[in-house]
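Me: Could you take one part of this structure and go through it slowly with me? I am in my first year, so please explain the terms as you use them.

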Amino acid sequence: MILVVLCVVVGALELYAGRQSKHQAAAFVRRVDELNEQVTKQNSVLVTVGEQLSAELSRVKRDVLPALDSRLRDNTSQVEELAALVHRADEYLRTQAGRLHELEQQRVTLAALRRKLAEVETSVRAVAEAGARTGERGAGGADVEAALARLAELERDGAGMLELQRTLTRTLEDVEDIVAELLAFTESELDEAVTATLEARPRGGRDGTSVNVVGRLWTRDGRLEDILAEVYERCLEANRLRIRFRTTDKPNGLPADDAPERRRYFLAGQRPEDLGGVFTALLISTGADLPPGGGPASLARGRPGERVLPPGVTPEPPPEDEAALKALLRALYESSGAVAQIGPLLAVRSRDEFLCAVLTPPQSLELESDGVFWDPAAAAVRLRRLPSHQLWDLSLWAAGS
């Protein structure tokens, strides 16, 4: 009986162990199937990603790399051209430095000659006065007078030569300033070209160094040229514009001393469309300073009525850009004829009126092609044709400010 019971127990244990093994095997198979399914899905995802990467690499090889190579060749040629320009400007600067050194030596020599002539003139005059006191006025006296006249002529020639030398020195200094500005501009353009090439991006002045705004300044009154230039450049600085390069020239057919200078500025730091909104707001604020009924309807926008402050209350100072623009407008109004342009802003002072306008790029190109920027009367006529929201007549404002 004991053996039978033990056999039954062993059989039951074997059946239980066999069932457990079957369950474990089934669970193991299910786990293997799940892992196999996951691996299959991940393999499909990897295949999809690989296909996308292959397609992207094919597109880069087909589109990006040829364009990058072409842009690299273009930028390389531009860098070589700018480098050649820098070398030529450097050679010219060295040549001008040598000429300045020679002129300085000539100035020292002329100064020593003038001192020597002054000593000779003093001694000759002493001899002439001694001869006059003794009454000897013969041929020797005539020779003395001729010598004195010759010395006076030499002194005048020396003074003229010194004046000519000073004029030449000032001209060379102006040329040196222009060359220095050109070198700085060329250096920044080279840096921008190299950076754009290395970063594989088109050149667009990401750091605000590219020239994208043009300025002009002209006045009929030669005595106001320097003052207007100073006020104009202060207004540029207040509007966060940097002067990258500037030029001056004279109109054709007029002597250099009689013709007013035409100043052109190449500016960076702001986009023309941004400046258009800024100048429109500033002109609206400026037009609001007119008394009621003192100007056209386009000037009545902004603060209505007269601004009356209580006693003892100090008005707040205007912003820097507004104050600088108003200072420029007042300086332009003091001239009998002047034109100032800062990108889209154009201010024209003719003999009878003072107009300001904010131009669109096509309008600026049209005025430039017609050559009216340097003619206040013609520019005023053209501005009168603009829509009312672009034109401001500030004659009364400037007269009463």
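Reply: What follows is a close look at helix 6 and its surroundings. This is a predicted model, in which local features need pLDDT of at least 70 and side-chain atom pairs count only at pLDDT 80 or more, while totals for chains, interfaces and linings use all residues. Residues are numbered from 1 along each chain as its sequence is written, and side-chain values use heavy atoms, with hydrogens and water left out.

Helix 6 covers residues 361-370, and its buried residues are Q363, S364 and L367; here buried means under 20% relative accessible area, exposed over 50%, and partly exposed in between, with a 1.4 Å probe and protein chains only. Helices (H or I, at least four residues) and strands (E, at least two) are DSSP runs, numbered from the N terminus. Looking down the axis of helix 6, one finds its buried residues within an arc of 100°, so they line one face of the helix; the arc is taken from the directions from the helix axis to the C-beta atoms. An α-helix has 3.6 residues a turn, so residues three or four places apart point the same way.

On the other side of helix 6, P361, P362, L365 and S369 are exposed. The buried residues, by contrast, pack against strand 5 (345-349), strand 6 (354-358) and helix 7 (376-383), where contact means heavy atoms within 4.5 Å. Just after helix 6 comes G371, which takes a positive phi of about 70°.

Strands 5 and 6 also belong to an open sheet of seven strands, in the order 2-3-1-4-5-6-7, with antiparallel pairing; two strands pair if DSSP finds at least two bridges between them.
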